[in-house]
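Here's an informal walk through some local features of this protein. Have the sequence and the 3D view open as you read.

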Amino acid sequence: MKYDFPYRHRDLNWLSFNHRVLQEAANDHLPVYERIKFMAIFSSNLDEFFRVRISQLRQLKKVRKKYRKKLETKPTKLVKEILAKVQEQQHFLGTIFHESIKPELEDYGIYLHDEISLKNDHKLLADNWFKKHYEDNLDISYINAGTQSNIFLENQRLYLLVTFNDKDKYGLVKIPKDSGRFITLVKDNHHAHIAFIDDIIKLQLDRFFSNEITGYYSIKLSRDAELYVEDFAEGTLAEKIYKSLEQRNIGEPTRLLYDDSIPDKVIKNVRKSLELSKIDLVKGGTYHNFDDFFGFPKPFDNPDLYLEPKKEIEHKEFESNEDYFALIDKQDQLIHTPFMSFDYVSNLVNQAANDNTTEFIKISLYRVADDSKLVQALLKAVENEIEVVVFVEAKARFDEKNNIKWGQILEEKGARVIWSFPNIKVHSKALLIQKRIDGVKKRYAYIGTGNFNSKTAKVYCDHGLFTSHKPITKDLYQVFKVLEGDLIIPKPKHLLVSPYNTRQTFEDLIRAEIDEAQLGKPAAIWAKMNQLEDPRIIELLYKASQAGVTITLLVRGFSCLIPGLKNLSENITCYSIVDTYLEHGRIYKFNNAGNPKIFIGSADWMTRNLDRRIEVLVPIYDERIYEELNTILTLQLNDTDKARIHDQSESNNFRKSEKQDVVNSQTEIREYLKKLHS
């Protein structure tokens with residue numbers, strides 16, 4: 001749709017977010033292995049972007065022209081803009097890698113050899129390694145130049161395209177994955193010599209082709225990641241999703257990434273042979289799949305190569321009280337990952353599982369860790385004949401298989417497992433436990449901003465509230481009744497529950513700030529989220545700015561709102577923080593006529609989170625918890641180290657400090673929590 005107010009396209013703005021990740025890869029103040037990590041994150045993000053977002057834009061091209069005219073942007077034009085920006089970023093990535101990261105690795109005695117240096121210095125080692133592991137086992141096929149070929153390129157798989165003096169065909173070598181991408185050829189206490197497996201294979205190509213080789217180039221194809229699941233009535237949705245996961249490997253092409261040194265005639269012929277369009281082609285460097293750098297070898301324990309591991313802060317109250325439930329009865333409790341351990345959540349479930357006063361445990365799972373203490377605790381509860389109700393979101397993209405696996409295990413052991421709803425995702429991060437002591441029932445809730453996933457909790461900055469507040473637990477009980485199919489429309493009086501009352505509550509709160517500003521009274525909104533996209537919220541924020549409401553936003557990812565526009569958004573400032581940990585928490589604060597309100601929960605200000613997902617946000621009533629969250633939010637809003645400015649140009653300029661002291665919010669939050677829990 002087209003809007004009557006400035007509205008930035010989410011996909012173009014998402015590229016600005018990924019550029020912020022790339023800025024961290026370029027940051028030579030970081031240890032080199034931290035920079036390598038950000039390089040891998042950038043690549044992984046971009047791969048998913050093409051498999052999901054570009055795929056959707058390609059689908060829009062199939063819409064009839066008269067309907068496409070109503071769209072905000074023409075799909076083909078937008079994809080061209082995206083590809084131009086991606087190519088610019090890919091070039092920046094190559095520069096960072098070749099001119100900065102590789103030389104710095106060498107300063108520490110870690111040599112990542114390319115094909116030329118292998119040939120000159122370590123060819124014998126490379127030859128011996130290849131003979132030992134592959135000998136004659138390479139997967140090789142041929143493409144007829146410029147004519148349709150029955151060749152299928154696997155999703156995200158690396159290939160070498162080999163050209164010959166015979167220009168009528170090309171060779172195609174599938175790069176093996178079982179040995180990893182990086183091969184350590186030799187190392188001692190001070191030096192390590194490592195090579196891409198691609199380059200080792202390049203030295204062997206003459207053994208496999210009889211024709212004279214004139215060139216070899218890296219290519220990779222990304223495919224549509226969407227699961228097109230139909231006929232929900234025929235079997236459960238989870239079964240349908242599980243069976244359709246292979247579609248990701250055979251979906252429509254969304255990008256052919258190729259070495260930009262490939263001759264134009266060759267890439268034109270390859271495009272025709274693979275039945276691709278020009279818009280599918282994306283230039284890259286000599287190497288692709290930089291997300292493989294997540295597995296880059298670590299030959300030395302030199303502490304200068306990494307950031308010093310941070311010890312988790314012990315939660316003062318949980319550590320000094322064996323009975324979590326008695327503690328929560330006295331007062332709400334709050335945890336912050338990864339500064340604190342996610343185990344406090346698992347421990348709560350484990351205590352409930354081993355307590356004969358527990359009547360039920362109900363939980364919504366969106367992304368589950370491979371090895372989950374929490375799921376093991378749920379299984380223990382089932383074994384102890386406690387009612388366990390688990391809602392498993394089988395449509396959590398790229399986590400479907402793992403979620404379904406755990407759901408099936410729970411179901412087999414006797415838990416009541418409720419699978420995904422066909423047309424709505426359950427994105428809430430909520431846990432409800434009911435106990436009955438001396439005939440009196442008591443409910444306990446955990447509501448968080450992050451998933452019940454101990455692995456991601458080590459890198460995602462999130463917040464989780466433990467409470468026994470009766471009105472809140474009563475509202476959450478209704479939410480689970482909806483998930484269980486016993487209630488159609490809940491009537492929460494305290495929680496914000498999408499798609500029922502979240503939008504209306506947020507819009508009312510924004511309008512209340514507008515009313516205050518128009519009366520000449522202080523009015524302000526502070527909000528931290530992952531994405532900002534919803535047009536109605538954005539339009540209201542513009543109106544609030546025009547009325548004089550001071551609005552400060554922290555949006556980690558993309559934002560469709562444009563701050564700083566004269567006579568429209570002059571009172572809106574927006575920042576983004578990209579640092580060691582991924583900022584994932586959602587915190588919303590409203591001045592509320594001098595009686596501020598804070599909410600935390602699972603929902604961003606996106607249309608899908610407000611209207612098409614089950615989300616839960618909780619108001620903060622406990623004054624101590626309020627102060628804790630408010631302090632953390634304030635530290636983040638005052639970040640002058642890792643905060644970038646969202647502005648009209650989206651140039652990702654770092655926010656400058658007016659004082660000499662630089663504020664790194666993640667460092668300051670850690671120090672604050674250490675003092676709070678000392």
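On the surface of this predicted model, I488, I489 and Y500 make up a nonpolar patch, and together they have about 330 Å² of accessible area. Y500 sits in the loop that runs between strand 18 (496–498) and helix 17 (502–518). With a relative accessibility of 31%, Y500 counts as partly exposed. P499 is in the loop between strand 18 and helix 17 too, and a cis peptide bond, with omega about 0°, joins S498 to P499.

Follow the chain into helix 17 and look at its packing. Two packed helices are described by the angle between their axes and the distance between the axes. For helix 17 and helix 18 (residues 535–547), the axes come within 9 Å and cross at roughly 10°, so helix 17 is roughly parallel to helix 18. Helix 17 brings R503, F506, E507, I510, R511, I514, A517 and Q518 to the contact, while helix 18 brings R536, I537, L540, L541, K543, A544 and A547.

Now for the charges. The structure holds 36 salt bridges, and three of them are set out here.

| Salt bridge | Closest N to O distance |
|---|---|
| D11 and R10 | 4.0 Å |
| R35 and E104 | 2.8 Å |
| E507 and R511 | 3.7 Å |

How far apart along the chain are R35 and E104? They are 69 residues apart, with R35 in helix 2 and E104 in helix 4 (residues 75–107), so this pair links distant parts of the chain. Both R35 and E104 are buried, and both D11 and R10 are buried as well.

E507 and R511 both belong to helix 17, where they lie 4 residues apart, about one turn of the helix. E507 is buried because its relative accessible area is 3%, under the 20% cut-off. R511, at 36%, counts as partly exposed. Salt bridges with shared partners tie R503, E507, D508, R511, D534, R536 and D611 into one network.

R35 also turns up as a partner of N27. N27 is in the loop between helix 1 (10–25) and helix 2 (32–60), and at 16% relative accessibility it counts as buried. Setting aside neighbours within four places in sequence, N27 is in contact with R35 and K642.

Next, some backbone oddities. Most residues other than glycine have a negative phi, and most peptide bonds are trans. Besides the cis bond at P499, a cis peptide bond joins T337 and P338, again with omega about 0°. T337 is in strand 10 (residues 333–337), and P338 lies in the loop between strand 10 and helix 13 (343–353).

Is T337 buried or exposed? At 6% relative accessibility, T337 counts as buried. Leaving out residues up to four places away in sequence, T337 touches F342, A457, Y460, C461 and D462. The C-alpha atoms of T337 and V459 are separated by 7.8 Å, though these residues are 122 residues apart along the chain.

Two residues have a positive phi without being glycine: N289, at about 55°, and E650, at about 50°. N289 is in the loop between strand 9 (281–284) and helix 11 (316–320), and its 11% relative accessibility makes it buried. E650 is in the loop between strand 26 (643–646) and helix 21 (665–676), and with a relative accessible area of 10%, E650 is buried.

How values were computed:
Residues are numbered from 1 along each chain as its sequence is written. This is a predicted model: local features need pLDDT of at least 70, side-chain atom pairs count only at pLDDT 80 or more; totals for chains, interfaces and linings use all residues. Side-chain values use heavy atoms; hydrogens and water are left out. Patches are made of residues with over 30% relative accessible area and no salt bridge: like charges are joined within 9 Å, nonpolar side chains (Val, Leu, Ile, Met, Phe, Trp, Tyr) within 5 Å. Accessible areas come from the Shrake-Rupley method with a 1.4 Å probe; for residues, only the protein chains shown count as cover. A salt bridge is a side-chain nitrogen of Lys or Arg within 4 Å of a carboxyl oxygen of Asp or Glu. Helices (H or I, at least four residues) and strands (E, at least two) are DSSP runs, numbered from the N terminus. Buried means under 20% relative accessible area, exposed over 50%, partly exposed in between (1.4 Å probe, protein chains only). Axes are lines fitted to C-alpha atoms, for helices over the stretch in contact, and angles run from 0 to 180 degrees between N-to-C directions. Angles under 35 degrees count as roughly parallel, over 145 as roughly antiparallel, 65 to 115 as roughly perpendicular and the rest as oblique. Contact means heavy atoms within 4.5 Å.
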